[in-house]
Structure formats: C-alpha cells, structure tokens
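Got the viewer open? Here's a walk through the model, one selection at a time.

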Amino acid sequence: MSAPSPHDVERLRRALALASKGRFRVEPNPPVGCVIEGAGGVVGEGWHDGYGGAHAEVRALAVAGAAARGATAYLSLEPCSRHGKTPPCVDALLAAGIQRVVVACHDPHPDEGGRGRARLEAAGVHVVGPVLPGEGAALLGRFREALARPRPWTILKWAMSADGRAAPLRGGGGRLTGDRAQAEVHELRGRCDAVLVGRGTLEADDPLLTCRLPGGPPDGRSQPLRVVVSRRLEGLRGRLLDSAGQGPVLLAVGRADPAEARTLEARGLQVLEVGPAEGRVDLARLLAALRERGVARLLVEGGARLHGALLAARLADQVQAWVAPLVLGGQDAVPAVEGSGVRAVEGAWRLHDPQWRKVGDDLVLQGFAQPAPAELAAV
Ligand code: AOF
Ligand code: ZN
C-alpha cells in the first residue's frame with residue numbers, strides 16, 4: 001500500500017505546518033516538519049527548530065520512541081542522506097524501524113538528488129511522493145536562493161527604545177533589553193557561524209560577542225567567528241581583541257598595514273584585507289570572503305551605519321529588532337539604523353512575513369528583508 005491517500009495528504013499538510021515553526025530559526029537551512037503515525041494514530045511530531053540542531057525526523061523519532069517501529073513517517077522534505085552538522089536522517093529512520101515514508105517534495109540540495117530515497121528503498125522501505133511538490137517547494141524558496149548565493153544568510157539584530165533609539169548618545173552604549181531577551185540573543189549567537197560588528201560598536205560597547213549561555217553554545221556548537229569590520233587596523237582595541245582564547249576573532253579591514261597585521265596575528269587574531277570601495281570597506285566582498293571561510297549564517301550586531309549600509313545594498317536577509325519599554329528621546333540619541341535611508345514611506349524596506357513576540361518585558365519583531373522568491377516571480 002504505497003499510493004498517497006487523502007489521509008496521507010492531511011498528515012503531510014500537518015508536517016508542512018510544523019516545518020514553518022522553524023521559520024527565522026533555521027535559515028539558510030530549509031524548514032522541515034515530520035509526523036510519525038503508527039497503526040493507532042500519531043505517535044510523534046517534530047520540526048527542525050534551530051540551525052545546527054537536530055533535524056525534524058530525529059526530533060519526531062525521539063518523541064515516538066519504540067512506537068516508531070513499523071510506522072509511517074510524513075516529511076515535508078525528502079530525508080537527508082549525508083553527514084552535515086548532524087548525521088543522516090535516513091539512518092535514523094531505518095534504525096527506528098520506519099516502514100513507509102511519504103514526502104511532500106525533493107531536497108534541492110545538489111548533494112542530495114534523490115539519494116535519501118534510494119537508500120530507504122534499498123533497505124525495503126516504501127517511499128511515496130513527492131506528493132505536494134508545490135506546497136513543499138514554497139517553503140524552500142529562500143533555502144534554494146541562499147544555496148546559489150556567494151554570501152552567508154545575513155541576520156541584522158538591533159535593540160532599541162520605544163522611540164527607536166539604540167543609544168542615548170553617540171559612543172555611549174548600554175543594555176536596553178531584559179535578561180530573557182539577552183538569553184535569546186546569546187542563543188542566536190551560538191546558532192550563527194559568525195557575528196559581525198562595525199568599529200564604532202566595538203568602541204562604544206566593548207562587546208565580547210561570544211555565546212555565554214550556561215552550557216556554552218547550543219547543540220555542542222563552537223563559539224562563532226567574531227568579526228570586526230573597519231577601514232584600518234590602526235587603533236583597534238577592546239576586550240574582543242584580548243579574547244582570542246575564547247574563540248576566533250577576525251579583523252576585516254579595507255587596507256592592512258603589514259607590520260600592524262603581524263603584531264595582531266601574534267596575539268592570535270586573524271586579519272583579512274577586503275579592499276575598499278569608494279573609501280569604505282566593500283561589504284559584498286567581505287560577505288563573500290566570510291562565505292568562503294565556511295560562514296553560512298551570519299549575525300550582524302551593529303552599529304546603525306552597518307545595518308543601514310547592508311539594507312541599502314540588499315545584503316541583509318533577516319531582521320531581528322528588539323523593542324524595550326524605555327524612551328530615550330533627545331536630539332543626540334543614535335537611531336537603530338542610519339545611512340542614507342529612504343526618501344519616502346513608499347520606498348521603505350519592508351520586513352516580509354513579520355512575526356511579533358513578547359519576551360519578558362520586551363517585544364521582538366522578526367521579518368525577512370527580501371520578498372520570498374515566489375513573490376518575486378509574481379512581480
Ligand atoms: C532533513 N531534515 O529537518 C532538514 C534537512 O547542516 P545540517 O546537518 O543541518 O543539514 C542541512 C541540510 O539537510 C540542508 O542543506 C538540507 O539538504 C537538509 N535539511 N533534512 O532530513 C531536516 N532541515
Ligand atoms: Zn536530516
């Protein structure tokens with residue numbers, strides 16, 4: 001019995017709904033959902049809930065336990081067959097004794113190409129699908145686009161007062177959000193391959209940019225590569241530059257004086273010359289260089305000018321904006337985003353699929369900085 005039934009389609013739609021719970025948490029990975037159903041009904045559900053974390057199948061199988069033996073797995077995406085940051089889901093499905101797998105769509109990753117399906121079938125598992133290729137692929141547009149781009153998935157994160165200010169004075173930092181917000185930001189750092197700030201933020205906030213959750217980064221991940229972007233190396237200082245022992249630090253500059261670079265490298269810091277564009281660091285080249293170094297997910301933590309420049313250059317993919325219940329006011333307060341901005345509301349950079357959440361006393365707004373590829377096609 002392997003043809004899809006209306007019941008199969010219903011379960012797959014549930015897997016697709018579960019997949020979307022991973023939105024904003026897994027990109028550039030695809031969001032994936034899984035439902036496991038035995039003879040008596042659903043025994044486990046799961047979704048990919050964090051970049052670098054367990055895949056949907058593994059989480060659903062953990063809920064199902066022994067009840068997965070002989071059961072059907074409904075997947076929004078064909079299961080992976082290769083070792084990435086986690087072991088192949090095909091192995092987990094086989095080890096659990098799953099007998100039938102129903103998939104919504106293929107995995108467009110060039111290293112997959114139907115291998116997951118072939119391995120399952122070779123082991124005697126019935127594989128059905130792709131049953132909902134259109135609905136499944138609609139969830140994958142951003143993943144497919146990110147695969148094809150020579151830069152990381154780039155998340156801009158800022159915190160601001162209720163009146164949209166990031167700091168009361170230029171060069172004067174200070175934390176606006178509460179402890180729960182802070183913990184979420186540390187988790188986000190731990191789920192990114194690199195964290196980037198501009199020189200101004202280094203000087204104003206003196207950040208360490210490490211993930212300081214009690215157990216360290218989640219899922220046994222390493223500390224992110226911490227990156228400072230500046231026109232020049234001269235005069236760069238701060239706790240970050242003394243913290244190479246806590247994780248890698250990269251100083252990305254337009255031009256690097258060779259003697260200065262050697263001194264900094266002797267302190268365990270990495271130096272990267274990116275080359276200037278009109279007197280500033282070429283941000284597209286910086287992001288491409290980070291991608292070449294294996295950075296697939298990048299968090300940008302300011303400052304306001306860097307955020308403005310990345311938005312204007314369409315180099316941002318996701319925005320996470322925290323709003324604290326504070327008012328800073330004043331002419332000299334620093335806005336969350338600077339740069340040349342837009343001339344009229346009609347030209348504003350829209351955040352797509354916006355999601356608002358309350359975290360402690362703070363609000364967090366997340367959205368995608370670019371329209372979904374399907375929306376683009378419809379234009
Ligand atoms: C699955 N289930 O839940 C997801 C899959 O880097 P990794 O190890 O997280 O692997 C990411 C790749 O795995 C991604 O490129 C895509 O091909 C697949 N995504 N596969 O079986 C999941 N998220
Ligand atoms: Zn997998």
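Before the first stop, one term: a pocket here is an open set of points on a 1 Å grid, with protein on both sides within 12 Å along at least five of seven lines. Keep in mind that this is a predicted model.

**Stop 1: a pocket**

Bring up the second largest pocket, whose volume is about 590 Å³. Its lining takes in 28 residues, and those closest to the centre are N29, P30, R82, H109 and F143. Now colour residues 141-148, which form helix 6. With 3 residues, helix 6 gives the most to this lining.

**Stop 2: the five-stranded sheet**

Next, select strands 1 to 5, which make up an open sheet with mixed pairing, in the order 2-1-3-4-5. Strand 2 (41-47) and strand 5 (126-128) each have a single partner strand, so one side of each is left without a neighbour in the sheet. On average, neighbouring strands here are turned by 15° against each other, direction ignored.

Zoom in on strand 1 (residues 33-38) and strand 3 (residues 72-75): they run antiparallel, joined by 4 bridges. Click on V35 and look across to strand 3, where its bridge partner is Y74.

**Stop 3: the nine-stranded sheet**

Move on to the open sheet of 9 strands, again with mixed pairing. Reading across, the order is 11-10-9-8-14-6-15-18-17. Strand 11 (270-273) and strand 17 (352-359) are the edge strands, each pairing on one side only. Neighbouring strands in this sheet are turned by 20° against each other on average, direction ignored.

Which strands flank strand 14 in that order? Strand 8 and strand 6 do. Strand 6 (residues 153-160) pairs with strand 14 in the parallel sense over 4 bridges, and T154 has L298 as its bridge partner. Strand 8 (residues 194-198) also pairs with strand 14 in the parallel sense, over 3 bridges; there, L196 stands opposite V300.

Stay on strand 14 (residues 297-300) and show its side chains. Are they buried or exposed? R297 and L299 on one side and L298 and V300 on the other are all buried, leaving both faces of the strand covered.

Now add helix 7 (residues 179-190), which lies across strands 6, 8, 14, 15, 17 and 18. Helix 7 runs at about 160° to strand 15 (318-323).

Slide over to the edge at strand 17. Strand 17 and strand 18 (residues 362-368) run antiparallel, with 6 bridges between them. Pick Q355 and you'll find its bridge partner, Q366, in strand 18.

**Stop 4: two residues to click on**

Start with R255, in strand 10 (residues 249-255). R255 counts as partly exposed because its relative accessible area of 46% falls between the 20% and 50% cut-offs. Beyond its neighbours within four places in sequence, R255 is in contact with R231, R232, L233, E273 and P276. Draw a distance from R255 to P276: the two are 21 residues apart along the chain, with 7.2 Å between their C-alpha atoms.

Finish on D317, in the loop between helix 11 (304-312) and strand 15. Why does D317 count as buried? Its relative accessibility is 2%, and buried means under 20%. The D317 side chain makes a polar contact with the side chain of R149, at 3.1 Å. Leaving out residues up to four places away in sequence, D317 touches R149, R151, P152, W153, T154, G367, F368, A369 and Q370.

Terms used: Residues are numbered from 1 along each chain as its sequence is written. Chains are lettered from A and ligands numbered from 1 in the order in which they are written. This is a predicted model: local features need pLDDT of at least 70, side-chain atom pairs count only at pLDDT 80 or more; totals for chains, interfaces and linings use all residues. Side-chain values use heavy atoms; hydrogens and water are left out. Buried means under 20% relative accessible area, exposed over 50%, partly exposed in between (1.4 Å probe, protein chains only). Helices (H or I, at least four residues) and strands (E, at least two) are DSSP runs, numbered from the N terminus. Two strands pair if DSSP finds at least two bridges between them. Axes are lines fitted to C-alpha atoms, for helices over the stretch in contact, and angles run from 0 to 180 degrees between N-to-C directions. Contact means heavy atoms within 4.5 Å. A polar contact is a pair of N or O atoms within 3.5 Å; within protein, one must be able to donate a hydrogen and the other to accept it, and residues adjacent in sequence count only if both atoms are side-chain atoms. On a 1 Å grid over the protein atoms alone, a cavity is a set of points where a 1.4 Å probe fits but cannot get out, and a pocket is an open set with protein on both sides within 12 Å along at least five of seven lines; lining residues have an atom within 4 Å of a point. Grid points are joined across faces, edges and corners, and a volume is the space filled by probe spheres set on the points.
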